[in-house]
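Trainee: Got a minute to go through this model with me? I'd like to talk about the domains and then the DNA.

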There are 2 protein chains.
Amino acid sequence: MIDIEKAREEIAEIARDIFAKFGFKKTTMEEIAKAVNKAKSSLYYYFQNKEEVFQAVIEREANVLREKLQKAISQENTPQGKLRAYIVTRMKALKQLANFYSALKDEYLENYKFIEKFRSKYDEEEKSAIIQILKEGIDNGIFEINNVEMTTQAILITLKGFELWVFQGNTKWTEKDVDNLLEILFYGIMKK
Amino acid sequence: MIDIEKAREEIAEIARDIFAKFGFKKTTMEEIAKAVNKAKSSLYYYFQNKEEVFQAVIEREANVLREKLQKAISQENTPQGKLRAYIVTRMKALKQLANFYSALKDEYLENYKFIEKFRSKYDEEEKSAIIQILKEGIDNGIFEINNVEMTTQAILITLKGFELWVFQGNTKWTEKDVDNLLEILFYGIMKK
DNA sequence: TTTTCGACTAAAAAAACAAAATAGTCGAAA
DNA sequence: TTTCGACTATTTTGTTTTTTTAGTCGAAAA
């Protein structure tokens, strides 16, 4: 009752490495069970099915990222700084994750839909994080945005594009790229 | 000698519909041949292999798009207008194409790499088109951009994100979305 | 000379089937 | 409350055979 969550945590933690190496499909419950020193059927005491184990792994990863983002944002005191910190931190973390889950990366390119199923859950979260920053900027009289919702969407879409860019391995992005992007976002390209 | 191009055109034109229906993999040379009223082996007189037929189909499609873009741009006389026309036209055309090549769309999501192989050829083209617009804007003293190359990339990345958004069918974008995006691109979100 | 085609081959894909692996259930025991 | 072994029902894998398909070639038609 009190330990069930702990056990779930432990399983997820260990399963993480296996999923990372073999991807979702090629990871078996047997393997996970062995690594946790349990019988396979015991896993089903903690999780309903394989997908739920995977879900738990992702959730943990999301928590780590969430904290990183929170921390990065809180260390900045201007909305611009926060936005920059958010994007840079996010990109870096995603790169790391893509690196760690090397097998999953292949599955990503091959079976885009599958991963998206899990990701979409966090889209809302991301949205509100950015909205919050934008609103703060507006309240402080720093930003001038007539449609926060749409602007947020524009930013998210751009981040998605960035992600794809990185995932394809076409280019190695730098913070400079992000700064350039932000320069446009902040000031636009029109001559003042 | 003079007709060979005409024949290629005809084959590509007819193959287009078949590829659209069945995608690349499930389209057979036999089918195409039948539709063109030729023996399968005759196709190989005009094209080296199946991929070249597909290539030709894409090339035609690209030409159509190119012309549309050219026309749309030339009808505008401000750099802002041109940029807007470019993006709107591009998005509309892509949407239409995605609709027409319904089978290909599935292949796109499943086998992203394959389609990308053909697309990447046109990335350069797209890049220079946008650079040209931006430079014109700079020359006219309308835009103020310190790194055209990077700004162009930022725009392209954003368009890629937009594309993904649309392809997934998550949202039906409107011109309003584009305008909002452009509003940011032109003026940024900072208070003046 | 240019274009078409039927007959052919080699490779790939599909079908059929058996064998193995795996996700998930269940009741009983620790 | 937690663990597990034995079981089942699906999937996956491996193998062999058959069919389909991409691509070649030389000969005939235009």
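Trainee: What distance separates the centres of domain 1 of chain A and domain 2 of chain A?

Mentor: This is a predicted model. In it the two centres, taken over C-alpha atoms, are 30 Å apart.

Trainee: Where are the domain bounds in chain A?

Mentor: Domain 1 covers 1-63 and domain 2 covers 76-192. Their contact involves 17 residues of domain 1 and 12 residues of domain 2.

Trainee: OK, and how much area is buried between domain 1 and domain 2 of chain A?

Mentor: About 1,200 Å², with 64% of that from carbon and sulfur atoms. On the domain 1 side, Ala20(A), Glu51(A) and Phe54(A) supply 34% of the area buried against domain 2, more than any other three residues.

Trainee: How many salt bridges cross that interface between the domains of chain A?

Mentor: The rule finds 1 salt bridge between domain 1 and domain 2 of chain A.

Trainee: Which side chains of chain A meet in a salt bridge at 3.5 Å, N to O?

Mentor: Those of Glu59(A) and Lys121(A). As for polar contacts, the count between domain 1 and domain 2 of chain A is 3 residue pairs, both residues at pLDDT 80 or more.

Trainee: And which helices supply at least two residues each to the side of domain 1 of chain A that touches domain 2?

Mentor: α1 (4-22) and α4 (50-74) of chain A. The largest share, 8 residues, comes from α4(A). By class, that side of domain 1 has 8 nonpolar, 2 polar and 7 charged residues.

Trainee: Switching to the DNA. How many residues surround strand C, and which are the closest?

Mentor: 16 residues surround DNA strand C, and the closest are Lys40(A), Lys38(B), Ser41(B), Tyr45(B) and Tyr46(B). Of the strand C atoms that come within 4 Å of the protein, sugar and phosphate account for 56%.

Trainee: What do the two tyrosines do there, Tyr45(B) and Tyr46(B)?

Mentor: A side-chain N or O atom of Tyr45(B) is 2.8 Å from a phosphate oxygen of strand C. For Tyr46(B), a polar side-chain atom lies 2.3 Å from a phosphate oxygen of that strand. The elements giving two or more residues to the surface near strand C are α2 (29-36) and α3 (40-46) of chain A, together with α3 (40-46) of chain B.

Trainee: Which one gives the most to the surface near strand C?

Mentor: α3(B), with 4 residues.

Trainee: Side chain or backbone for Lys50(A)?

Mentor: Backbone. A polar backbone atom of Lys50(A) is 2.8 Å from a phosphate oxygen of strand C.

Trainee: Last one: how do the residues near strand C divide by class?

Mentor: 6 nonpolar, 6 polar and 4 charged.

Note on methods. Residues are numbered from 1 along each chain as its sequence is written. Chains are lettered from A and ligands numbered from 1 in the order in which they are written. This is a predicted model: local features need pLDDT of at least 70, side-chain atom pairs count only at pLDDT 80 or more; totals for chains, interfaces and linings use all residues. Side-chain values use heavy atoms; hydrogens and water are left out. A residue is near a molecule or strand if one of its heavy atoms lies within 4 Å of it. A polar contact is a pair of N or O atoms within 3.5 Å; within protein, one must be able to donate a hydrogen and the other to accept it, and residues adjacent in sequence count only if both atoms are side-chain atoms. Ala, Val, Leu, Ile, Met, Phe, Trp, Tyr, Cys and Pro count as nonpolar, Asp, Glu, Lys and Arg as charged, and the others, Gly among them, as polar. Domain bounds come from an automatic or database domain assignment. Contact means heavy atoms within 4.5 Å. Buried area is the accessible area (1.4 Å probe) that two parts lose on being put together, summed over both. A salt bridge is a side-chain nitrogen of Lys or Arg within 4 Å of a carboxyl oxygen of Asp or Glu.
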